[in-house]
Amino acid sequence: MNGGRGRGWGLAGWAAGIPVVLVALPLAAHGRLPEPMATHWGGPSGAPDGASSFAGAMAFPVAVWAVLVLGVAAFAAARAWAATALLPGGVALSGAQAVVVRANLDQENWRRADLPDAWVAAAVCATVAAAAVAGWFIDRRAGVPDGRPPARGPVMDVPDGERLVWLARTSNPWLHLTAAVLGAAAAVGAVAGAGGLVAGPVWFVAPLAFAALAVLACSSVRACVTGEGLEVAFGPLGWPVRRWPAAVVESARVEDRRPAQVGGWGYRLSGLGTTVMLRAGECLVVRAGGKDFAVSVDDAARGVALLNSLARCGGGGGGVERR
């Protein structure tokens, strides 16, 4: 699965999941909410000055989300920046819904609904900003061109002045699903805490979120060989990144590896060295500093050919000299 397809499936899941959150949150607190509910606060005192029925409080943010998703899907220019728009948009709507529920919780009348403490609003704003940055990185990585692949062979003979690039992406849908489940559990806990449905601090959110990010970082990989050497970027944001300058590469080869050989899926350490195991089979293996690093990517032979040529020439700023 390439990076663009993985991004598309991820955004589709996000688009489908946000309405579930927007509806499930007030439903979970239905017996503790007034009818109607306060949905707008204004004036110097910050007192509630607008209300909506329970059904309306659920339907309005879902309708806003539907308009946003359809707008992004309808225009090609908007689709190129879909993650930048949809990630913070979904977080903002979910956060606003959590604030509304928390303000109305256990109130007999909507006019008594007080806005939550400032830390809730600050947390929502910070999360929206982080989601916007993450979305920008995802869209930017998805737009990276694949470059012009070199000819096949263990070592490549490149014409003078030519600059060749090899780029391959691989992802594991099961690791993506695991990260999504962990992330969803963390998001539900965070939203429930912000909405006041969970008593006390929701400390369990932090380890769940960390686990989701760790699995997500190991669920996809992008390997790129240029005149500078080899670069392996992890996760949908292309971070973290490991680099091997051409001058330090001792050799590169193609090797068949299986999860059972390296101890499982993801980022693995074993007697074979370090392996990024996303699917069984062909791996690009680079040896530098007496240690092996392998990454499971398609069409590894082309990357090996170019990397070996660069290593023999000692690099060269993006091109390979004929020898």
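Is Glu231 buried, partly exposed or exposed? Select Glu231 and colour by accessibility: this residue is partly exposed, with a relative accessible area of 21%. Keep in mind that this is a predicted model.

**The whole chain**

Zoom out before going further. The protein has 323 residues, and buried residues make up 41% of them. Switch to cartoon view: nine helices and 11 strands appear. Now consider contacts with a separation of 6 or more. Residues 24 or more positions apart account for 62% of these contacts. Turn on the surface. About 16200 Å² is exposed, and carbon and sulfur atoms supply 64% of that area.

**Salt bridges**

The structure holds 11 salt bridges. Go back to Glu231 and add Arg222. The two form a salt bridge, with the closest N and O atoms 2.8 Å apart. Arg222 counts as buried, at 9% relative accessibility. Its partner Glu231, at 21%, is partly exposed.

Next, select Arg287 and Asp292. Here the closest N and O atoms of the salt bridge are 2.9 Å apart. Arg287 is partly exposed, with a relative accessible area of 29%. Asp292 is buried, at 15%. Extend the selection to Glu250, Arg253, Glu255 and Arg257: together with Arg287 and Asp292 they belong to one network, joined by salt bridges that share partners.

Then pick Asp299 and Arg302. Their side chains meet in a salt bridge, 3.1 Å from N to O.

**Asp299 and Asp106: the sign of phi**

Stay on Asp299. This residue lies in the loop between strand E11 (291–295) and helix H9 (300–313). Why does Asp299 count as partly exposed? Its relative accessibility is 27%, and the partly exposed class runs between the 20% and 50% limits. Check the backbone too. Phi of Asp299 is near 60°, a positive value in a residue other than glycine. Most residues other than glycine have a negative phi.

Where is Asp106? Look in the loop between helix H4 (82–104) and H5. Asp106 also has a positive phi, near 65°, and is not a glycine.

**Two cis peptide bonds**

Most peptide bonds are trans. Select Glu35 and Pro36 and display omega: the bond from Glu35 to Pro36 is cis, with omega near 5°. Pro36 sits in the loop between helix H1 (3–28) and strand E1 (37–42).

Move on to Trp239 and Pro240. The peptide bond from Trp239 to Pro240 is cis as well, with omega near 5°. Pro240 is in the loop between strand E5 (229–234) and strand E6 (241–245).

**A nonpolar patch**

Keep Trp239 selected. Which residues join Trp239 in a nonpolar patch on the surface? Add Trp81, Val133, Trp136, Phe137 and Leu237. Together the six residues of the patch have about 630 Å² of accessible area. Val133 belongs to helix H5 (residues 118–142). Val133 is partly exposed, with a relative accessible area of 45%.

**Asp139**

Follow helix H5 to Asp139. Is Asp139 buried or exposed? Asp139 is buried: its relative accessible area is 4%, and buried means under 20%.

Show what surrounds the side chain. Leaving out residues up to four places away in sequence, Asp139 touches Arg7, Ala80, Trp81, Ala82, Ala83 and Thr84. Trp81, one of these, is also a member of the nonpolar patch.

Draw two distances here. One runs from the backbone nitrogen of Ala83 to a polar atom of the Asp139 side chain, and is 3.2 Å. The other is a polar contact of 2.6 Å that joins the side chains of Asp139 and Thr84.

**Last stop: cysteines**

How many disulfides does a search of the whole structure find? The search finds zero. A disulfide would be a covalent bond between the sulfur atoms of two cysteines. Select Cys125: this residue is exposed, with a relative accessible area of 54%. Then select Cys224, which counts as buried at 11% relative accessibility.

How values were computed:
Residues are numbered from 1 along each chain as its sequence is written. This is a predicted model: local features need pLDDT of at least 70, side-chain atom pairs count only at pLDDT 80 or more; totals for chains, interfaces and linings use all residues. Side-chain values use heavy atoms; hydrogens and water are left out. Patches are made of residues with over 30% relative accessible area and no salt bridge: like charges are joined within 9 Å, nonpolar side chains (Val, Leu, Ile, Met, Phe, Trp, Tyr) within 5 Å. Accessible areas come from the Shrake-Rupley method with a 1.4 Å probe; for residues, only the protein chains shown count as cover. A salt bridge is a side-chain nitrogen of Lys or Arg within 4 Å of a carboxyl oxygen of Asp or Glu. Helices (H or I, at least four residues) and strands (E, at least two) are DSSP runs, numbered from the N terminus. Buried means under 20% relative accessible area, exposed over 50%, partly exposed in between (1.4 Å probe, protein chains only). A polar contact is a pair of N or O atoms within 3.5 Å; within protein, one must be able to donate a hydrogen and the other to accept it, and residues adjacent in sequence count only if both atoms are side-chain atoms. Contact means heavy atoms within 4.5 Å. A disulfide is a pair of cysteine sulfur atoms within 2.5 Å.
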